[in-house]
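Please look over the model shown here before reading the exchange. A learner and a teacher then discuss how its features may be read.

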Amino acid sequence: MSFGWAYYGLFTMASEHLEFVESSALAVELCGIPLATPLIPAAGTLAREALEDVRGVYGAMLPKTVTPAPRSGNPPPRVAEAASGMVNSIGLQNPGLERFLEDLEHYDIGAPLFVSVAADTVGEFAAMCERLVGEERVAAVELNLSCPNVEHGGLQFCAGPSAVREVVSVCRGALAGKPMFVKLTSERVVANAVAAEEAGAHALTLINTVPALVVDARARGVFLRGGLSGPAIKPVALRAVYEVSKVVEVPLIGVGGVAGGTDVAEFMLAGATAVQVGSGSFVREPQVVLEEFAAYLREQGVFARDLTGALAGY
Ligand SMILES: Cc1cc2nc3c(=O)[nH]c(=O)nc-3n(C[C@H](O)[C@H](O)[C@H](O)COP(=O)(O)O)c2cc1C
C-alpha cells in the first residue's frame, strides 16, 4: 500500500492504528482554505531564490510584508546573532503593493498565496485591503500590526486592544469575504487577540519578533535595536498560542522558533491550526522540518488536523 505523502520519500507503510488515506495525514484546513501541509513560511524569511525548493513543502505561500509604497528598509547593521536566535532590524524593505502585484506569479508554488500587508495609517491599511479584495490569486491577507501608526505618535497598531479593534474592523469591511489573518506580538497578546476576533479577524498569527537590544560593550554603544527570533522565543510564542486558544474561537497560526518537526507538533498541540517557519529556515531546510513532522505523525499514529489543541490534561 502506498500513500500520498510517500511523495516525500518517507513512508510506504501505514501505522497499525490508522488507515492513512491519500495525502490526508499532513493536510489541514485554515479558514476554509485546504493546505496540503500545515507549514507556511513566516513573512519576510523566505528568499525569492528559494521558492522552487519549497514547492510541496509549504501548504501556503506568504511573502514578505508589502506596504503601499516601496520601502528601502533600515540602514545597516540589520542583523546580529543572539543565543539561540537572531536579532533583526531589516525594516519592511519591499517594492510597494503595485509592483508586488505585477510580480505575483513569482510566488506561485502550487499552493494558496497569502499576502502580508502593513501601512502607516488605518486608511492606508484599508486601501491596501480594497486593492487586494478583488485579486483572485490572493487567498488571504495577513495584517502585520507590528508597525507604527503615524497618526498615534508611532505607537504600534497592536499596542493595545482599542488600536487593534480600530484597524481590524476597518480592514474587515474593506476585505469583504476574503479571509483576514491578524498578526500580533507577544505583548498584551490575549487582550489584543480578543479585540482582533471581535473586530472580525478570521485567524490570528502569533507571534512577531520580540523587542530586543544588542549592545557592543567594547564600543560602549547600541549595536542593534530590533526583534528577536529563533528558538529563543519558542516558549514565548507557545505560551501566546496556548493562552489565546483558551479565549478565542478563530484558528491560530503559530510562529516563533520553529526549527524542527517536533516544534511544529508542539505549536499544534498548544492550539495552532497551521505553523509558520521563520529564522529556523536559515539553518535547517523546511523540507527536513516537514519530514520530521511527518515522522512524528506516524510515530504517534495521528493526522495533523487532529493535533490542534490536543494537549493531554493541563
Ligand atoms: C529577517 C526577518 C525578516 C522578517 N520580516 C517580517 C515581515 O516582513 N513581516 C512580518 O510580519 N514579520 C517579519 N518577520 C518576523 C517573522 O515573520 C516571525 O514572526 C518571527 O521571526 C518569529 O518567527 P521565527 O522565530 O520562526 O523567525 C521577520 C523576521 C526575520 C528574522
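The dialogue below treats a predicted model, taking up confidence, the sheet, the core, a hairpin and the backbone in turn.

Q: What is the mean pLDDT of the protein chain, and where is the pLDDT below 50?

A: The pLDDT is the predictor's confidence in each residue, from 0 to 100. Here the mean over the protein chain is 92, and 92% of the residues reach 70 or more. Residues 1-22, however, have a pLDDT below 50. In the model this stretch has 31 contacts beyond near neighbours in sequence.

Q: In what order do the seven strands of the open sheet stand, and which strands stand at its edges?

A: One reads such a sheet by following the pairing from strand to strand. The order is β3-β15-β14-β11-β10-β7-β6, with parallel pairing. At the edges stand β3 and β6 (113-117); each has a single partner strand, so one side of each is left without a neighbour in the sheet. On average, neighbouring strands are turned by 25° against each other, direction ignored.

Q: Over how many bridges does β3 pair with β15, and which residue stands opposite Leu 39?

A: β3 and β15 (residues 272-277) are paired in the parallel sense over three bridges. Leu 39 stands opposite Val 275 in β15. Helix α4 (residues 189-198) packs on the sheet, where it touches β10 (180-184) and β11. The direction of α4 makes about 165° with that of β10.

Q: Which residues have the most contacts inside the largest nonpolar core?

A: A core of this kind is read as a set of buried nonpolar residues joined through their C-beta atoms. The largest one has 92 residues, and those with the most contacts inside it are Leu 204, Leu 206 and Val 241. Helix α5 (residues 234-245) gives the largest share of this core, six residues. Among the contacts of Leu 204 outside its neighbours within four places in sequence are Phe 181, Val 182, Ala 193, Val 244 and Leu 252.

Q: How many residues lie between β4 and β5 in their hairpin, and which residues of β5 are buried?

A: To read a hairpin, one considers its strands, its turn and its further partners. β4 and β5 run antiparallel and are joined by four bridges, with two residues between them in the hairpin. Val 79 has Asn 88 in β5 as its bridge partner. Three bridges also join β5 to β13, again antiparallel, and Val 87 stands opposite Leu 228 in β13. Both faces of β5 are covered: Gly 85 and Val 87 are buried on one side, Met 86 and Asn 88 on the other.

Q: Are Ser 84 and Arg 220, with their positive phi, buried or exposed?

A: Most residues other than glycine have a negative phi. Ser 84, in the turn of the hairpin, has a positive phi of about 55°. Ser 84 counts as partly exposed because it has 13 C-beta neighbours inside 10 Å. Arg 220 has a phi near 50° and is found in the loop between β12 and β13 (221-229). With 7 C-beta neighbours inside 10 Å, Arg 220 counts as exposed.

Q: Where do the residues Pro 77 and Ile 207 lie, and what are the omega values of the cis bonds that lead to them?

A: Most peptide bonds are trans. A cis bond joins Pro 76 and Pro 77, with omega about 0°. Pro 77 is in the loop between β3 (39-41) and β4 (79-82). The bond from Leu 206 to Ile 207 is also cis, and its omega is near 15°. Ile 207 lies in the loop between β11 (203-206) and β12 (210-216).

Note on methods: Residues numbered from 1 in each chain as written. Predicted model: local features only at pLDDT ≥ 70, side-chain atom pairs only at ≥ 80, totals over all residues. Buried ≥ 20, exposed ≤ 12 C-beta atoms within 10 Å, placed from the backbone. Pairing = 2+ DSSP bridges. Axes fitted to C-alpha atoms, helices over the stretch in contact; angles between N-to-C directions. Contact = placed C-beta atoms within 7 Å. Core = buried A, V, L, I, M, F, W, Y, C linked by C-beta atoms within 7 Å.
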